[in-house]
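User: I have a structure open and I want to learn how to read it. Can you take me through it step by step?

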Amino acid sequence: MANCYICGRPLNVSRYRLRRRVKTGEWVRRDYRSGKPNSVQNRYGSRIVCQGCAKWIDARDARSARWQWIQIGLVVGLLMILLLH
């Protein structure tokens with residue numbers, strides 16, 4: 001029996017599995033003289049998740065996409081204002 005990658009909930013036997021792209025690891029290289037990270041590498045992979053976590057991931061992705069469109073609209077609006085004056 002499979003478990004959800006995010007919350008660990010056991011998944012029922014079904015005909016299909018919900019897969020989502022989730023963060024599977026992180027690697028940080030630090031400069032110990034200054035304490036600041038020099039580089040950060042995130043790893044993502046397709047993992048099986050439960051229905052609740054799949055809905056949460058989909059909602060998070062939709063909010064992120066909506067925010068990107070808002071930013072593009074603001075930039076286009078600002079450019080139009082600057083070009084018209």
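**Reading the model, feature by feature**

Analyst: Start with the surface. A nonpolar patch is formed there by Trp-69, Ile-72, Val-76, Met-80 and Leu-84, with about 590 Å² of accessible area together. Keep in mind that this is a predicted model.

User: Where is Ile-72 found?

Analyst: Ile-72 belongs to helix 1, which covers residues 51-84.

User: Is Ile-72 buried or exposed?

Analyst: Relative accessible area decides. Buried means under 20%, exposed means over 50%, and partly exposed is in between. Ile-72 has 45%, so it is partly exposed.

User: What does the secondary structure of the chain come to?

Analyst: One helix and two strands. Follow the sequence and the pattern is β-β-α.

User: How does the radius of gyration of the chain read against the globule rule?

Analyst: The radius of gyration is 20 Å, and the globule rule gives 12 Å for 85 residues. The chain is well over that value, so it is more spread out than a compact globule. Look at the spans too. Along its principal axes, the C-alpha trace covers about 65 × 45 × 15 Å.

User: How much of the chain is buried?

Analyst: Buried residues are 12% of the 85. The chain exposes about 7,500 Å², and carbon and sulfur atoms supply 56% of that area.

User: What share of the contacts joins residues 24 or more positions apart?

Analyst: The share is 47%, counted among contacts with a separation of 6 or more.

User: Now the strands. How do strand 1 and strand 2 pair?

Analyst: They pair in the antiparallel sense, over 12 bridges. Strand 2 spans residues 37-49. Take one bridge as an example: Lys-23 has Tyr-44 in strand 2 as its bridge partner.

User: What should I look at in the hairpin of strand 1 and strand 2?

Analyst: Look between the strands, where there are six residues. Gly-35 in this hairpin takes a positive phi near 85°.

User: And charged side chains? How should I read those?

Analyst: Here is the general idea. Side chains of opposite charge can pair when their charged atoms come close. Now the case here: a search of the whole structure finds four salt bridges. One of them joins the side chains of Asp-58 and Arg-20, at 3.0 Å from N to O.

User: Which parts of the chain does the pair of Asp-58 and Arg-20 link?

Analyst: Distant parts. Asp-58 is in helix 1, while Arg-20 is in strand 1 (residues 18-30), and the two are 38 residues apart. Asp-58 has a relative accessible area of 35%, so it counts as partly exposed.

User: Which residue forms a salt bridge with Lys-23?

Analyst: Glu-26 does, and the closest N and O atoms are 3.3 Å apart. Lys-23 is partly exposed, at 41% relative accessibility.

User: What about Arg-33 and Asp-31?

Analyst: Their side chains also meet in a salt bridge, at 3.3 Å from N to O. Arg-33 has a relative accessible area of 78%, so it is exposed.

User: Let's go to the inside. Is Val-49 buried or exposed?

Analyst: Buried: its relative accessible area is 2%. Val-49 lies in strand 2. Set aside residues up to four places away in sequence. Val-49 then touches a list of residues including Leu-11, Leu-18, Val-22, Ala-54 and Ile-57.

User: Where is Leu-11 found?

Analyst: In the segment before strand 1. Leu-11 is buried, with a relative accessible area of 10%. Leave out its neighbours within four places in sequence. Among the contacts of Leu-11 are then Met-1, Arg-17, Ile-48 and Cys-50.

User: How far apart are Leu-11 and Cys-50?

Analyst: Give two answers. In sequence, they are 39 residues apart; in space, 6.6 Å from C-alpha to C-alpha. Try another pair. Val-49 and Arg-63 are 14 residues apart along the chain, and their C-alpha atoms are separated by 20 Å.

User: One last residue. Is Trp-56 buried, partly exposed or exposed?

Analyst: Partly exposed, with a relative accessible area of 48%. Trp-56 lies in helix 1. Between Trp-56 and Val-22, the C-alpha separation is 12 Å, and the two are 34 residues apart along the chain.

Definitions and conventions
Residues numbered from 1 in each chain as written. Predicted model: local features only at pLDDT ≥ 70, side-chain atom pairs only at ≥ 80, totals over all residues. Heavy atoms only, no water. Patch = residues over 30% accessible without salt bridge, like charges linked within 9 Å, V, L, I, M, F, W, Y side chains within 5 Å. Areas by Shrake-Rupley, 256 points an atom, 1.4 Å probe, with all protein chains shown as cover. Helix = DSSP H or I, 4+ residues; strand = E, 2+ residues; numbered from the N terminus. Buried < 20%, exposed > 50% of the residue type's maximum accessible area, 1.4 Å probe, protein only. Rg over C-alpha atoms; globule rule 2.2 N^0.38 Å. Contact = heavy atoms within 4.5 Å. Pairing = 2+ DSSP bridges.
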